[in-house]
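User: I'm new to this one and would like a close look at a single part. Could you walk me through the nonpolar core and the helix packing that goes with it?

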Amino acid sequence: MQTLDLYDWIAIVFYFLVLAGIAVWVIRKKNANTEDYFLAGKNVGWFVVGASIFASNIGSEHVVGLAGAGAGDKLPMLIYEIQAWVVLMLGWIFLPFYARSGVFTMPEFLEKRFDARSRWILSIFSIVAYVLTKISVTIYAGGIVVSALLGIDFWTGALATVILTGIYTVLGGMRAVVYTETLQAVLLVIGAAALTIIGLDKVGGWESMTQTVTPEYLNMWRSMDDPNFPWLPLLIASTITGIWYWCTDQYIVQRVLTAKNIKEGRRGTIFGAFLKLLPVFLFLVPGIIALALKMRGELEWESADQAFPVLMSNLLPSGLRGLVAAGLLAALMSSLASVFNSCSTLFTIDIYKKLKPETPEKKLVRTGQIATGIIVLIGMLWIPVMANISGVLYEYLQSVQSYIAPPITAVFLLGIFSKRINGTGAFVTLVAGLVVATIRIVLELVKDNFSTDSILYQFGDMNFLTFASWFFLFCIILIVVVSLLTGKPAKEKVENLTFGTISEEEKSKNKSSYNWVDVLVSLLIIAVVVAVMLFFNGE
């Protein structure tokens with residue numbers, strides 16, 4: 001690892017000055033009520049929405065973890081990074097329902113479509129999920145990045161970044177998050193693109209790199225008897241997780257709800273989907289480059305998760321190295337800022353306001369700020385446990401999400417596609433899902449205490465992709481059966497909230513919110529996704 005020099009530090013300081021300027025400008029604007037604080041006054045345009053979606057998704061866990069997957073023979077994980085088509089589903093399928101319902105949060109939508117029980121369980125489910133996946137993983141990856149770049153110990157790096165990000169998120173709310181994320185998205189794309197281009201040049205081009213790692217290494221489609229990534233469970237599980245993450249999760253959907261209207265929101269998701277095509281080239285390929293250079297003896301790193309920072313510090317010239325370092329810090333901060341704001345929104349709107357409905361707006365904003373700090377502390381306490389679940393950071397993230405996603409995806413999908421699904425079916429499915437996911441995580445941690453023939457060992461040891469696929473089928477059957485055995489939902493629970501109950505007026509409004517350009521760009525994005533899937537076939 002090369003240490004940062006004077007020009008690198010100048011680039012980093014310049015970035016933080018610009019970021020501070022944006023944050024101060026935003027903080028000086030009013031945050032008088034919850035709509036201002038949690039949804040940026042619902043006045044954001046498509047470019048900022050799309051950039052914010054991308055920056056929220058691409059945190060340091062992606063930069064570190066996806067490059068680690070490329071360097072650590074886990075190329076099938078690439079399927080989680082070419083889900084631009086699922087981002088399009090958010091804008092074309094889900095957003096009109098969310099916008100019509102006028103909600104701030106996803107649990108709030110479930111209450112409108114089903115009942116208060118579903119709202120409560122999803123609020124708790126989501127906050128637990130944020131601690132298990134987003135907060136702890138982001139802080140952990142950030143610690144790796146900051147300690148590698150700045151030459152300080154892991155916990156100092158992690159704590160410094162958390163505190164710095166927490167300050168502007170707490171003070172500025174959602175408006176501070178989306179505008180700083182726009183800057184961070186631009187910087188990250190420029191920096192990572194420079195590393196990919198310089199890295200490919202260093203390794204002698206794509207053909208030379210492929211010969212070093214062998215063409216078989218670049219195959220994302222493994223056989224069905226592959227112990228880690230059988231292709232069909234990979235395809236099913238990644239889609240289930242993708243719909244949960246992109247279409248039903250507060251963390252992402254909240255960015256789209258900040259848009260001025262459905263038209264701007266949908267275009268924001270189309271732009272976000274376009275940006276989502278980039279991570280394969282910006283982060284996965286540098287991981288493969290780092291592996292090729294290591295195989296040739298030109299680079300050295302211990303863990304695959306160190307591939308990106310080591311490659312960056314050794315290949316990039318002075319000044320540009322500092323800019324990419326700032327981009328990595330930006331990725332870390334944008335992810336943390338997003339999850340901080342989403343957590344405080346969920347806690348304040350879905351839990352605190354429900355318990356104390358008469359609370360004034362200013363006190364609700366203050367409550368959200370306090371909630372942020374508490375959740376961050378819990379996330380940091382989870383980091384040592386997290387290290388025991390999976391070897392590569394990105395695989396850990398996808399495995400835990402595979403346990404959380406199936407029940408939520410089943411409830412939202414059937415909730416908008418079928419008017420017969422009722423509140424009891426949704427509630428039972430979410431509770432059963434939370435119980436099964438908890439059992440699976442616990443058994444995965446303690447499975448070595450059981451005999452390999454026991455059901456408990458096999459349940460904890462089952463491939464996470466296979467588990468997620470069967471778990472989703474179980475959730476679908478459960479919600480359908482329970483709904484059919486209990487009464488039909490009331491008319492107000494389904495009116496304009498399912499495909500079968502949209503009024504002519506709402507259909508007309510939705511039709512006027514897009515044009516042929518939106519459709520054409522969406523189809524082109526889907527074509528690129530298919531092309532990438534076919535390209536990485538090991539031939």
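Analyst: Here is a walk from the whole chain to its core, and then to two helix pairs.

Keep in mind that this is a predicted model. The protein chain has 23 helices and 0 strands, so think helices throughout when you look at it. Of its 539 residues, 61% count as buried. Contacts also reach across the sequence: among those between residues at least 6 apart, 84% join residues at least 24 apart.

Now for the core itself. The largest nonpolar core has 149 residues, and the ones with the most contacts inside it are Phe94, Tyr98, Phe109, Phe283, Trp301 and Phe412. Helix α15, residues 320-355, gives the most to this core, with 13 residues.

Let's zoom in on Phe412. Setting aside its neighbours within four places in sequence, Phe412 touches Phe94, Tyr98, Met106, Phe109, Leu110, Leu122 and Thr248. Phe94, Tyr98 and Phe109 come up again here, having already appeared on the list of residues with the most contacts inside the core.

Next, the helix pairs. Helix α5 (residues 84-101) packs against helix α12 (residues 262-275) at an angle of about 165 degrees, with the axes 8 Å apart. Anything over 145 degrees counts as roughly antiparallel, and therefore α5 and α12 are roughly antiparallel to each other. The crossing of α5 with α12 is right-handed. On the α5 side, the residues that meet α12 include Leu88, Gly91, Trp92 and Leu95; on the α12 side, Gly265, Arg266, Thr269 and Ile270 are among them. By class, this contact has 11 nonpolar, 4 polar and 1 charged residues.

The second pair is set at another kind of angle. Helix α13 (residues 279-295) and helix α14 (residues 307-315) pack at about 75 degrees, their axes 9 Å apart, which makes α13 roughly perpendicular to α14. Leu282, Phe283, Pro286, Ile289, Ala290 and Leu293 of α13 make the contact with Ala307, Phe308, Leu311 and Leu315 of α14. Here the classes come out as 10 nonpolar, no polar and no charged residues. Phe283 may ring a bell, as it is one of the residues with the most contacts inside the core.

One last stop is Ile144, found in helix α7 (residues 116-150). Is Ile144 buried or exposed? Its relative accessibility is 15%, so Ile144 counts as buried, the cut-off being under 20%. Ile144 and Trp155 are 11 residues apart in sequence, with their C-alpha atoms 9.1 Å apart in space.

Notes. Residues are numbered from 1 along each chain as its sequence is written. This is a predicted model: local features need pLDDT of at least 70, side-chain atom pairs count only at pLDDT 80 or more; totals for chains, interfaces and linings use all residues. Side-chain values use heavy atoms; hydrogens and water are left out. A nonpolar core is a set of buried Ala, Val, Leu, Ile, Met, Phe, Trp, Tyr and Cys residues joined through side-chain atoms within 4.5 Å. Buried means under 20% relative accessible area, exposed over 50%, partly exposed in between (1.4 Å probe, protein chains only). Helices (H or I, at least four residues) and strands (E, at least two) are DSSP runs, numbered from the N terminus. Contact means heavy atoms within 4.5 Å. Axes are lines fitted to C-alpha atoms, for helices over the stretch in contact, and angles run from 0 to 180 degrees between N-to-C directions. Angles under 35 degrees count as roughly parallel, over 145 as roughly antiparallel, 65 to 115 as roughly perpendicular and the rest as oblique. A crossing is left-handed if the near helix is turned anticlockwise from the far one by less than a right angle, and right-handed if clockwise. Ala, Val, Leu, Ile, Met, Phe, Trp, Tyr, Cys and Pro count as nonpolar, Asp, Glu, Lys and Arg as charged, and the others, Gly among them, as polar.
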